[in-house]
Amino acid sequence: MRFPEKFLWGGATAANQCEGAYNEDGKGLSIQDVLPKGFKLITDEPTADNLKLKGIDYYHRFKEDIRLFAEMGFKVYRFSIAWSRIYPTGEEEQPNEAGLRFYDEVIDECLKYGIEPLVTISHYETPLALAKKYNGWADRRLIDLYVKYCRTLFERYKKKVKYWITFNEINSIIHQPFMSGAILTPKEQLTQQDLYQAIHHELVASARAVKLAHELMPQAMIGCMILAVTIYPLTPNPDDIIEVMKLERNTYLFADVQVRGEYPAYAKRIFEENDIHLNITNQDKEDLKNVVDFVSFSYYSSNCASADPTKGEPTGSNMTTNLKRNPYSKVSEWGWQIDPQGLRYTLNRFYDRYQKPLFIVENGLGANDELIMQADGSYTVEDDYRIQYMNDHLIQVSEAIKDGVDVLGYTAWGCIDLVSCSTAEMKKRYGFIYVDLDNDGIGSMQRYKKKSFDWYKNVIATNGESLIE
């Protein structure tokens, strides 16, 4: 068998990219509601050109969507809970019952079909009020507010949800301090001291959430999530090797703390050389000892790095502007390197380092799909390019499993088309299900099965035996 018998096949979405209904049923504003162009904060109020405000209307159509996920055979569905649906400003004494009821219904709909919910507690959705009042995670007070939010979720859903993730791509705060950490200080003005203090606050919050989860839900598993920035040396030059080692630590630092329960030795040099003096209390040190049960991560591509910035061709992606293109890799429409073997490499690297179960919770291909009419009058998308991408990556997952890596499951990113995080547009589609909505927010919202829908359904039904090497 290519995959373990209980391998968790499924898909993933994020509340801010699919739900819409940004101001319904008591929901407060989140930081995503003021990011109409992707990463860059344009205004501190919602604007009509922000597609995320309407999403794909999942808030009103989730039953239809989950039914389609069940038709594909999903064993698990990863989704996030919008913090500002539960605590609109993050500081209310009591949670918003309407928000809790919505996720009651989402979870119950999953369980009706035998789909395990995998809940991301914070997926780039910090309440905007906490950014404005406290400068987001730069302020220690967010720790207690986050833990209070976690307690509300754990007590409400402890009998129904077995799998939890504390923060989505927690290391992305280095690259996008506002979107990831709700820090309003402009990136170019943000000091390393303030950035890493905010990082510390998130790491402590994650550890305290793990402790609370283990107390309230001893049968549950709670993990961290890492943005896997997989980097190869551009050349065998030792300078390039060392450069990659340094860059990789931007990724490993976050997992090291959450898996090992303390800062790694190399962090001392990073902090000294950048004049960083963290405020770490004795209680923080005790909290950090509460380590995660699994490591989840996103993987889309790999890149190269060189100690000499004049060497190599830029990637062409807005996600990796400081990295270089690999001349041996193909490239997607959005400049992302396509490297299936990089996923096997990443799985092995994480498992060699941590010996913890791994969960691939984001992987997929963003493409400008074309909806076409078939001979019988129905509509579909001939997305063979997506099928090829996912087939090749899943083959490499099976190779990693043969290598001895413990892989819990795989949730394809954007299993239904949703609004892009990095560009806030609809034309960059990832789903097995096409949503009729364009970049101008025009469309019927009708759902259509792409060719990849039946392909993935077959992969799940055969537990990967249908994959082609």
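Is methionine 245 buried, partly exposed or exposed, and what is its relative accessible area? In this predicted model, methionine 245 has a relative accessible area of 33% and is therefore partly exposed. The residue belongs to helix 9, which covers residues 238–260. Together with Ile241 and Ile242, Met245 makes a nonpolar surface patch of about 230 Å².

Helix 9 also contains glutamate 248, whose partner in a salt bridge lies in another helix. The partner is arginine 349, and the N to O distance in this salt bridge is 2.6 Å. Arginine 349 is located in helix 12 (residues 340–354) and glutamate 248 in helix 9, so the salt bridge ties together parts of the chain that are 101 residues apart in sequence. The two residues were assigned to separate accessibility classes: glutamate 248 is buried, at a relative accessible area of 11%, whereas arginine 349 is partly exposed, at 30%.

Helix 12 takes part in a further salt bridge through arginine 344, which pairs with glutamate 399. Here the closest N and O atoms are 4.0 Å apart. Glutamate 399 is in helix 13 (residues 384–402), and the pair links distant parts of the chain, 55 residues apart. Glutamate 399 is buried, with a relative accessibility of 17%. Arginine 344, in contrast, is partly exposed, with a relative accessibility of 29%.

A salt bridge was also found between glutamate 19 and arginine 85, with 2.7 Å between the closest N and O atoms. Glutamate 19 is placed in the loop between helix 1 (15–18) and helix 2 (58–72), while arginine 85 is in helix 3 (residues 83–86); the pair therefore ties together parts that are 66 residues apart in sequence. Both partners are buried, glutamate 19 with a relative accessible area of 3% and arginine 85 with a relative accessibility of 2%.

These pairs are among the 37 salt bridges counted in the model. Salt bridges also form a network, in which Asp369, Asp383, Arg386, Asp417, Arg429 and Lys450 are linked.

Glutamate 202 presents another case. This residue lies in helix 8, which runs over residues 192–216. Glutamate 202 is buried but has no salt bridge. A salt bridge requires a side-chain nitrogen of Lys or Arg within 4 Å of a carboxyl oxygen of Asp or Glu. For glutamate 202, the nearest side chain of opposite charge is that of arginine 78, at a distance of 13 Å. When neighbours within four places in sequence are set aside, the contacts of glutamate 202 are with Trp137, Phe167, Ile170, Ile173 and Ser180.

The cysteines were examined for covalent links. A disulfide is a covalent bond between the sulfur atoms of two cysteines. The structure contains 0 disulfides. Cysteine 18 is in no disulfide, and the nearest cysteine sulfur, belonging to cysteine 415, is 8.6 Å away. Cysteine 415 is likewise in no disulfide, its nearest cysteine sulfur being that of cysteine 18. The cut-off for a disulfide is a pair of cysteine sulfur atoms within 2.5 Å. Cysteine 18 is buried, at 2% relative accessibility, and cysteine 415 is buried as well, with a relative accessible area of 0%.

Two loop positions were also considered. Glycine 28 is in the loop between helix 1 and helix 2, the loop that also holds glutamate 19. Glycine 28 has a relative accessible area of 11% and is therefore buried. Apart from residues up to four places away in sequence, glycine 28 touches Tyr22, Asp33, Ser84 and Pro88. The C-alpha atoms of glycine 28 and lysine 451 are separated by 38 Å in space, and the two residues by 423 positions in sequence.

Threonine 281 is situated in the loop between helix 10 (266–273) and helix 11 (282–288). With a relative accessibility of 28%, threonine 281 is partly exposed. Threonine 281 and lysine 37 are 244 residues apart in sequence, and the distance between their C-alpha atoms is 38 Å.

Conventions. Residues are numbered from 1 along each chain as its sequence is written. This is a predicted model: local features need pLDDT of at least 70, side-chain atom pairs count only at pLDDT 80 or more; totals for chains, interfaces and linings use all residues. Side-chain values use heavy atoms; hydrogens and water are left out. Helices (H or I, at least four residues) and strands (E, at least two) are DSSP runs, numbered from the N terminus. Buried means under 20% relative accessible area, exposed over 50%, partly exposed in between (1.4 Å probe, protein chains only). Lys and Arg count as positive and Asp and Glu as negative; His and the chain ends are not counted. Contact means heavy atoms within 4.5 Å. Patches are made of residues with over 30% relative accessible area and no salt bridge: like charges are joined within 9 Å, nonpolar side chains (Val, Leu, Ile, Met, Phe, Trp, Tyr) within 5 Å. Accessible areas come from the Shrake-Rupley method with a 1.4 Å probe; for residues, only the protein chains shown count as cover.
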